[in-house]
Amino acid sequence: MKSTVDDNLIERSQTSLEKGKVVGMLTSRDLLRIIAASLKEDENAEDIFKKEVGKYMTPITQVIYARPEETIGTCRSIMAKLGVKCLPILKNGRVEGLVTARDMSDYGLDAAERGGKKHYLESVSQRVGLSSNTSMAEPPAYLRAHLALQQKPLFMNVGCDELPHPYKTAESCGISRRSYGPEEDSHDIELSEDAHFVTPVMLPDETGLEMREATYVGVADGVGSWREYGVDPREFSRTLMQECENILREAETSIRGKNIQKGDEKFRRHISPAEVMAQAYERVKAENIIGSSTACVAMFDGLRHQLHFSNLGDSGIIVLRHIDSTIAGTLKRDKTKRREERVSDLRIAFVSQQQLKSFNHPYQLGWTGEETDGEDTSFKNASESCTTSIHIRRGDIVLLATDGLFDNVELEDIASITLEWEERNGFIRDGDIASRDKRWEAGSSMTNQSAEVVSDLAEQLVQRARDNSVDRKVDSPFAILAKENDIMWSGGMPDDCTVIAMHIVGAQSSISE
């Protein structure tokens, strides 16, 4: 059955049916995104409402669900962690109902408490309308400074580092020190199955009148088990990342000097990370390169202070940010330590969602020489990646890395290493955010120094991941999670590791790459 948007304009989320089977889900948020994107492309209302739902719905393979026996608290936790407002309730392969954000807000209140005269008099009547003398309070000094910075573009200094699996040789990959032998740990990055790219490109803005720089970055982690079938796992991940870069360079070249006219709206926007990933994946398949890898591609938009990314598998992105406890809202404060015990307000502000079929079995882009079908496959398309956008602030540190980092270094340790790097290079002193902000106001961005040393941060993180991966005495995040999944594993998880460190600054560096 083909459904159109106007057939599905309903207040709450709904499932799409095909021969009695659920094939996907469409939400009010999806509808708003469809309409916003279409209006941006100058489409008229009639064309928008003729769009087929199937092209925009969340496919059934990506729908997150709950079970009838699970608690309200569990559902709320899932919805909060994933940022969704609706959970289908699944029982014996059948959707029995939906839990929505409105259900959560109404929970505990009966109909009489939500409506009627008594409810209105008690809760609403004294809160209706603002007087004509109402005004907005003046923002505090810190917020005025932040709002002033919002008007200015941001820039990004990038540094990369990588190391191969410590027990890897050109012929094989040992699972332990004993199987590897007495040789020194491997440092030959040509042996790594990880791949990455960093590509700044000039593309037109939405008006088509000005060119703006956007920086794209990406990592891919080749699946090593292909080695058992005589396939080099490096070829797929490296080709995938190389094709991502090729696509961006070709896009930049194709519009250089082009006078964009009405009807050329497709040139008036940056290429989304999911599009880059999808096109690169199709090229890898066209070249008949056997293998598979996880992938994470991101794009930094300094003008809008946004980082857009698409992630498939267990690589990912984290954002570290100084959040001043003296001015942060209650929900943003660190409640795990008392104020006098804190040495810094550097926090993990964002962690990307990973996608796993099961423990240590991430979803991935892959090719066997022919298309694979079925729900049981671990191969996915770029359209099924976790795609989102996050707001970025000056001073943020963004880390894009393969699982070699996250499996071996706790997030708190990553924050500690990052803080040490900041303090050593003078970007922040004694955790004093106010002094840093005053330095920014005075025009001192230290952007050239940042460009010179940001690679040191990536190197430190990669080295810590390597050290932890060969430590058999202290359980790594991988080992802790393995035991939670009834798998006996102790110590670190030896693996390839790639880290791209990005320092967000207020001025462009004059240091050439």
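**Figure 1. Ile89, a buried residue of strand 4.** In this predicted model, Ile89 counts as buried because its relative accessibility is 12%, and buried means under 20% relative accessible area. The residue belongs to strand 4, which covers residues 86–91. Pro68 lies 21 residues away along the chain, yet the C-alpha atoms of Ile89 and Pro68 are separated by 6.2 Å. When neighbours within four places in sequence are left aside, Ile89 is in contact with Ala66, Arg67 and Pro68, and also with Arg94, Val95, Glu96, Gly97, Leu98 and Val99.

**Figure 2. Overview of the protein.** The secondary structure comprises 15 helices and 18 strands. Of the 513 residues in the protein, 42% are buried. Among contacts between residues at least 6 apart in sequence, 70% join residues at least 24 apart.

**Figure 3. An open sheet of five strands.** The strands of this sheet follow the order 6-18-17-11-12, and their pairing is antiparallel. Strand 6 (155–163) and strand 12 are the edge strands, each pairing on one side only. With direction ignored, neighbouring strands of the sheet are turned by 20° against each other on average. Nine bridges connect strand 6 with strand 18, and in this pair Cys160 stands opposite Ile500 of strand 18. Strand 17 is joined to strand 18 by five bridges, with Ala401 opposite Val499 of strand 18.

**Figure 4. Strand 11 between strands 17 and 12.** Strand 11 (residues 316–322) pairs with strand 17 (residues 397–401) in the antiparallel sense over five bridges. Two residues of strand 11 illustrate this pairing: the bridge partner of Val319 in strand 17 is Val398, and that of Ile318 is Leu399. Strand 11 also runs antiparallel to strand 12 (residues 346–351), to which five bridges join it. Here Arg321 stands opposite Arg347 of strand 12. In a regular strand the side chains alternate between the two faces of the sheet. From strand 11, Gly316, Ile318, Leu320 and His322 point one way, whereas Ile317, Val319 and Arg321 point the other way. Strand 11 is mostly covered, with seven of its seven residues buried.

**Figure 5. Strand 18, enclosed within the structure.** Strand 18 (residues 497–505) is largely enclosed by the rest of the structure, because nine of its nine residues are buried. Cys497, Val499, Ala501, His503 and Val505 point one way from the strand. Thr498, Ile500, Met502 and Ile504 point the other way, and these too are buried.

**Figure 6. The surroundings of His165.** His165 is found in the loop between strand 6 and helix 8 (177–180). Because its relative accessible area is 8%, His165 is buried. Its side chain reaches the backbone oxygen of Pro494 at 3.3 Å. Beyond its neighbours within four places in sequence, His165 is in contact with Cys173, Gly174, Ser186 and Arg466, as well as with Pro494, Asp495 and Asp496.

**Figure 7. The largest nonpolar core.** In soluble globular proteins, nonpolar side chains tend to be buried together. The largest nonpolar core of this model has 30 residues, and those with the most contacts inside it are Tyr216, Leu240, Met241 and Leu365. At least two residues each are supplied by strand 7 (194–204), strand 8 (211–222), helix 9 (233–255), helix 10 (273–286), strand 9 (291–301) and strand 15 (365–367). Helix 9 contributes the largest share, eight residues. Leaving aside neighbours within four places in sequence, the residues in contact with Tyr216 include Phe197, Val198, Leu248, Ile271, Val276 and Met299. Another core, of 29 residues, lies apart from this one, and among its members are Ile397, Phe406, Ile417 and Leu457.

**Figure 8. The packing of helix 12 against helix 14.** Two packed helices are described by the angle between their axes and the distance between the axes. For helix 12 (residues 411–424) and helix 14 (residues 447–469), the angle is about 150° and the axes are 10 Å apart. The crossing of helix 12 and helix 14 is right-handed. Helix 12 makes the contact through Asp413, Ile414, Ile417, Thr418, Trp421 and Arg424. From helix 14, the contact involves Val453, Val454, Asp456, Leu457, Gln460, Leu461 and Arg464.

Conventions. Residues are numbered from 1 along each chain as its sequence is written. This is a predicted model: local features need pLDDT of at least 70, side-chain atom pairs count only at pLDDT 80 or more; totals for chains, interfaces and linings use all residues. Side-chain values use heavy atoms; hydrogens and water are left out. Helices (H or I, at least four residues) and strands (E, at least two) are DSSP runs, numbered from the N terminus. Buried means under 20% relative accessible area, exposed over 50%, partly exposed in between (1.4 Å probe, protein chains only). Contact means heavy atoms within 4.5 Å. Two strands pair if DSSP finds at least two bridges between them. A nonpolar core is a set of buried Ala, Val, Leu, Ile, Met, Phe, Trp, Tyr and Cys residues joined through side-chain atoms within 4.5 Å. Axes are lines fitted to C-alpha atoms, for helices over the stretch in contact, and angles run from 0 to 180 degrees between N-to-C directions. A polar contact is a pair of N or O atoms within 3.5 Å; within protein, one must be able to donate a hydrogen and the other to accept it, and residues adjacent in sequence count only if both atoms are side-chain atoms. A crossing is left-handed if the near helix is turned anticlockwise from the far one by less than a right angle, and right-handed if clockwise.
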